[in-house]
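Hello,

Here is the structure I promised to pass on to you. Have a look at it first, and then read my notes below.

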Amino acid sequence: MSGRAQLMWDDAVTGYDFGDTHPMDPVRLALTMGLVRAFGLDTAVDLRSARPLGDSSLRLVHRQDYVAAVRAASANPRAADQNYGLGTVDDPAFTGMHEASALIAGLSVGAAEAVWRGETEHAVNFTGGLHHAMPGSAAGFCVYNDPALAIARLLELGAERVAYVDVDVHHGDGVQAAFWEDPRVLTISLHEHPRTLFPQTGWPEETGAGAGEGSAVNVALPAGTGDEGWLRAFHAVVPELLAEFRPQVLVTQHGADTHFEDPLAHLAVSLDAQRAVMESCHRLAHDHADGRWVALGGGGYAVVDVVPRSWTHLVGIAAHAPVDPESVVPPSWRDLVYARTRQLGPGRMTDGRTPSWKAWEDGYDPADRLDQAVLASRKAAFPLRGLLT
């Protein structure tokens with residue numbers, strides 16, 4: 001197995017562009033790659049591209065009629081069929097939509113293949129993490145569900161246990177739906193409570209069905225949750241589940257929209273806490289999955305101040321070349337930011353926070369809203385996996 005992580009990248013991913021007024025601005029991808037290069041991390045990884053997924057691979061998750069609808073909308077955006085979630089406010093159709101979406105999916109599948117085949121322990125595709133797309137429809141800025149496609153490809157290659165941990169502020173509904181009845185896939189999502197945020201799913205009681213009962217775990221966090229509560233919830237749920245499940249591969253989604261500056265959600269998490277969870281996922285992959293780790297991006301709409309720094313930390317951690325949070329952001333990157341956005345970029349790789357949390361084992365407060373959320377998740381899911389609440 002290679003000692004170097006793989007970073008999946010192709011300049012064409014910036015073609016995933018819903019338009020000038022849409023919050024999913026592809027400049028966030030270009031700026032992230034620019035910051036990765038500014039810190040020299042592109043030389044600490046094996047930089048790889050991949051082919052766009054073909055129809056047969058897309059059908060591992062998506063219906064053929066939906067793929068055909070995406071292709072049609074890609075060729076003629078004005079004719080997009082809204083019955084498939086295309087041409088909507090959230091998912092406007094654009095020329096080349098199929099090609100850009102299939103490329104992002106191909107990069108995530110390529111990352112999964114490389115990890116499974118032993119070419120590398122860790123592979124990152126920060127352009128991926130488009131977790132809302134359903135088998136037959138686009139949703140939530142997502143056209144093809146690359147995390148689900150990567151997991152489906154791992155199963156096709158022979159994996160028997162794949163764990164998916166999603167820390168985006170939005171519920172990982174599309175991935176959960178894809179494996180709702182599949183005991184081979186454990187999905188864990190920590191997200192803002194569905195009462196206050198799209199997609200209004202991800203309640204603790206959503207635990208899977210049939211043979212997959214107990215294979216979905218949801219932690220619905222109160223709006224306003226900050227670093228201490230977010231980290232407490234993660235550590236109260238994720239490590240114990242992974243220890244029980246013993247995944248052969250860990251797939252993680254690192255949406256940066258939990259951040260307190262994100263304009264589309266209501267959590268109050270810092271860059272430093274996001275980095276701490278990335279480090280924890282890295283460690284958990286080594287503890288429970290023989291080091292096999294596929295790390296994806298996701299949401300994130302503070303496209304200058306937050307997303308590039310967050311995902312550059314992710315690349316550095318996966319490459320075993322972590323960026324010191326106290327590092328000054330290279331001036332060359334800040335020049336790039338100004339040239340591309342006419343905004344001033346952040347000066348350091350930290351928000352100046354020191355993340356800490358109280359361990360669940362040290363007791364909980366039944367009157368605390370965060371603790372109530374964690375306890376609800378543990379009560380709903382843990383007994384189904386033979387674990388104590």
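A residue is called buried when its relative accessible area is under 20%, exposed when it is over 50%, and partly exposed in between, using a 1.4 Å probe and protein chains only. By that rule, Asp182 is buried, with a relative accessible area of 14%.

Before going further, please note that this is a predicted model, in which local features need pLDDT of at least 70 and side-chain atom pairs count only at pLDDT 80 or more, while totals for chains, interfaces and linings use all residues. Residues are numbered from 1 along each chain as its sequence is written, and side-chain values use heavy atoms, with hydrogens and water left out.

**Salt bridges**

Side chains of opposite charge can pair when their charged atoms come close. A salt bridge here is a side-chain nitrogen of Lys or Arg within 4 Å of a carboxyl oxygen of Asp or Glu. The structure holds 14 of them.

Asp182 is in one: its side chain meets that of Arg184 at 2.8 Å, N to O. Arg184 is partly exposed, at 36% relative accessibility.

In another, Arg153 and Glu113 meet at 2.8 Å, N to O. Arg153 lies in helix H5 (residues 146–156) and Glu113 in helix H4, so this salt bridge ties together parts that are 40 residues apart in sequence. (Helices, H or I with at least four residues, and strands, E with at least two, are DSSP runs numbered from the N terminus.) Are these two partners buried or exposed? Arg153 is buried, with a relative accessible area of 17%, and Glu113 counts as buried at 19%. Both belong to a network of salt bridges that links Glu113, Arg117, Arg153 and Glu156.

A third pair to find is Asp46 with Arg4, at 2.9 Å, N to O. This salt bridge links distant parts of the chain, with Asp46 in strand E2 (residues 46–48) and Arg4 in the segment before strand E1 (6–8), 42 residues apart. Arg4 is partly exposed, at 33% relative accessibility.

**The nonpolar core**

In soluble globular proteins, nonpolar side chains tend to be buried together. A nonpolar core is a set of buried Ala, Val, Leu, Ile, Met, Phe, Trp, Tyr and Cys residues joined through side-chain atoms within 4.5 Å. The largest one has 127 residues, and those with the most contacts inside it are Leu86 and Ile188. Helix H4 (residues 97–116) gives the largest share of this core, 11 residues.

If contact means heavy atoms within 4.5 Å, which residues does Leu86 touch, not counting residues up to four places away in sequence? They are Tyr66, Ala69, Val70, Ala73, Ala80, Asp81, Asp91, Met97 and Ala138.

**A buried loop residue**

Thr207 sits in the loop between strand E5 (185–192) and strand E6 (216–221). Thr207 is buried, with a relative accessible area of 9%. Leaving out residues up to four places away in sequence, its contacts include Trp180, Ala380, Ala381 and Leu384.

**Pockets and cavities**

On a 1 Å grid over the protein atoms alone, a cavity is a set of points where a 1.4 Å probe fits but cannot get out, and a pocket is an open set with protein on both sides within 12 Å along at least five of seven lines; lining residues have an atom within 4 Å of a point. Grid points are joined across faces, edges and corners, and a volume is the space filled by probe spheres set on the points.

The largest pocket holds about 250 Å³ of space. It is lined by 13 residues, and the closest to its centre are His193, Arg195, Ala220, Pro222 and Ala373. E6 and helix H11 (369–381) are the elements that give two or more residues to this lining, and H11 gives the most, with 4.

The second largest pocket holds about 160 Å³. Of its 19 lining residues, the closest to the centre are His132, Gly140, Phe141, His170 and Tyr301.

There are also 3 cavities of 30 Å³ or more in the whole structure. About 50 Å³ of space lies in the largest cavity, whose lining includes Tyr16, Met24, Ile104 and Leu130. The second largest cavity has a volume of about 40 Å³, and helix H8 (residues 271–288) gives the most to its lining, with 3 residues.

Happy exploring!

Note on methods
Contact means heavy atoms within 4.5 Å.
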